[in-house]
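These exercises are meant to be worked through slowly, with the sequence and the model side by side. Try each task before reading its solution.

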Amino acid sequence: MTKLIIGLTGGIGSGKTAVSTLFSQKGIDVIDADIVAREVVEIGTPALSRIAEHFGPAILSADGSLDRAALRKTIFSDPAAKQWLEALLHPLIAEETRRQLAHVSSPYGLYVSPLLVEMGQQNYCQRLLIVDVSEDTQLQRTMNRDNNDRAQVERIMASQANRRQRREAADDIIDNSGDLASLAVQVDRLHAHYLTLAKELS
């Protein structure tokens, strides 16, 4: 039986986590690329050893885990470092993602990735759901949330698909410029729609 997988994406600061949490509360299995990316570099993994070897011990926190803020700062100021890291991690992340998607047990699954459009990850999904906000909102939310300066957030945004590209790729769009109640209403409507589509596939 083919399992319906919905790809969920949006730019940094758009609210992907809030949306995926609402789906999860409805009993939907969520596979999050960011969580998978953390799992493949946990303490004791070969990938973490290689990263520490390449970038030096300053890339690790006191407990031996990856200092993600330090790594982010390094790779967004050095394209060669970013390229090296992606070559190491992307195959590992892809393998673990496929494994988790194959074990989805809810009526449909949600695959969450910030780079779903950019990395051509649509082959994991039957439909693409975009969380959409203005670029100004992305900037403000990310600066407030992560305590990053404006220039760093703008660099991260520049490395992602722009708003128009994401909207053009979308099958479904959630507008996250409002409050949580508005978000919940949109998720309710899409959940009902996806259950119908999943039933048609089964």
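In which helix is Gln-186 found? Gln-186 is found in helix H9, which covers residues 180–201; helices (H or I, at least four residues) and strands (E, at least two) are DSSP runs, numbered from the N terminus. Residues are numbered from 1 along each chain as its sequence is written, and side-chain values use heavy atoms, with hydrogens and water left out. This is a predicted model, in which local features need pLDDT of at least 70 and side-chain atom pairs count only at pLDDT 80 or more, while totals for chains, interfaces and linings use all residues.

**Exercise 1. Describe the surroundings of Gln-186.**

Step one is accessibility: Gln-186 is buried, because its relative accessible area is 13%, where buried means under 20%, exposed over 50% and partly exposed in between, with a 1.4 Å probe and protein chains only.
Step two is contact, which means heavy atoms within 4.5 Å: when neighbours within four places in sequence are left aside, Gln-186 is in contact with Ile-173, Ile-174 and Asp-175.
Step three is the polar side: the side chain of Gln-186 reaches the backbone oxygen of Asp-175 at 2.9 Å. A polar contact is a pair of N or O atoms within 3.5 Å; within protein, one must be able to donate a hydrogen and the other to accept it, and residues adjacent in sequence count only if both atoms are side-chain atoms.

**Exercise 2. Place Asn-176 and Asn-123, and decide whether each is buried or exposed.**

Begin with Asn-176, which lies in the loop between strand E5 (172–175) and H9. Asn-176 counts as buried because its relative accessible area is 6%. A polar atom of the Asn-176 side chain lies 2.7 Å from the backbone oxygen of Ser-14, and, not counting residues up to four places away in sequence, the residues that Asn-176 touches include Ser-14, Gly-15, Arg-141 and Leu-183.
Next take Asn-123, whose place is in the loop between E3 and strand E4 (127–132). Asn-123 counts as exposed because its relative accessibility is 65%. Although Asn-123 and Gly-7 are 116 residues apart along the chain, their C-alpha atoms are separated by 9.5 Å.

**Exercise 3. Follow helix H5 along its length.**

First, the span: H5 (residues 79–101) has 23 residues and reaches 31 Å from its first C-alpha to its last, close to the 33 Å expected, the expected span being 1.5 Å times one less than the number of residues.
Second, the start: a side-chain oxygen of Asp-78 reaches to within 3.1 Å of the backbone nitrogen of Ala-80.
Third, the bend: H5 bends by about 30° at Leu-89, and Pro-91 follows within four residues; the bend is the angle between axes fitted to the seven residues ending at a residue and the seven starting there.
Fourth, the buried residues: among them are Leu-85, Leu-88, Leu-89 and Ile-93. The buried residues of H5 pack against several elements, including strand E1 (4–9), helix H3 (46–55) and strand E3 (108–112).

**Exercise 4. Compare Ala-87 and Lys-82 of H5 with Ile-51 of H3.**

Ala-87 is exposed because its relative accessibility is 56%, and Ala-87 and Tyr-108, 21 residues apart in sequence, are 30 Å apart in space, C-alpha to C-alpha.
Lys-82 is partly exposed because its relative accessibility is 22%; neighbours within four places in sequence left aside, Lys-82 is in contact with Ile-75 and Phe-76.
Ile-51 is buried because its relative accessible area is 0%. Residues up to four places away in sequence not counted, Ile-51 touches several residues, among them Trp-84, Leu-85, Leu-88 and Leu-89, and the C-alpha atoms of Ile-51 and Leu-85, 34 residues apart along the chain, are separated by 7.7 Å.

**Exercise 5. Which element supplies the largest share of the lining of the largest pocket?**

The largest share, eight residues, comes from H5, while H1 (16–24), H2, H4, H5, E3 and H6 (135–146) each supply at least two residues.
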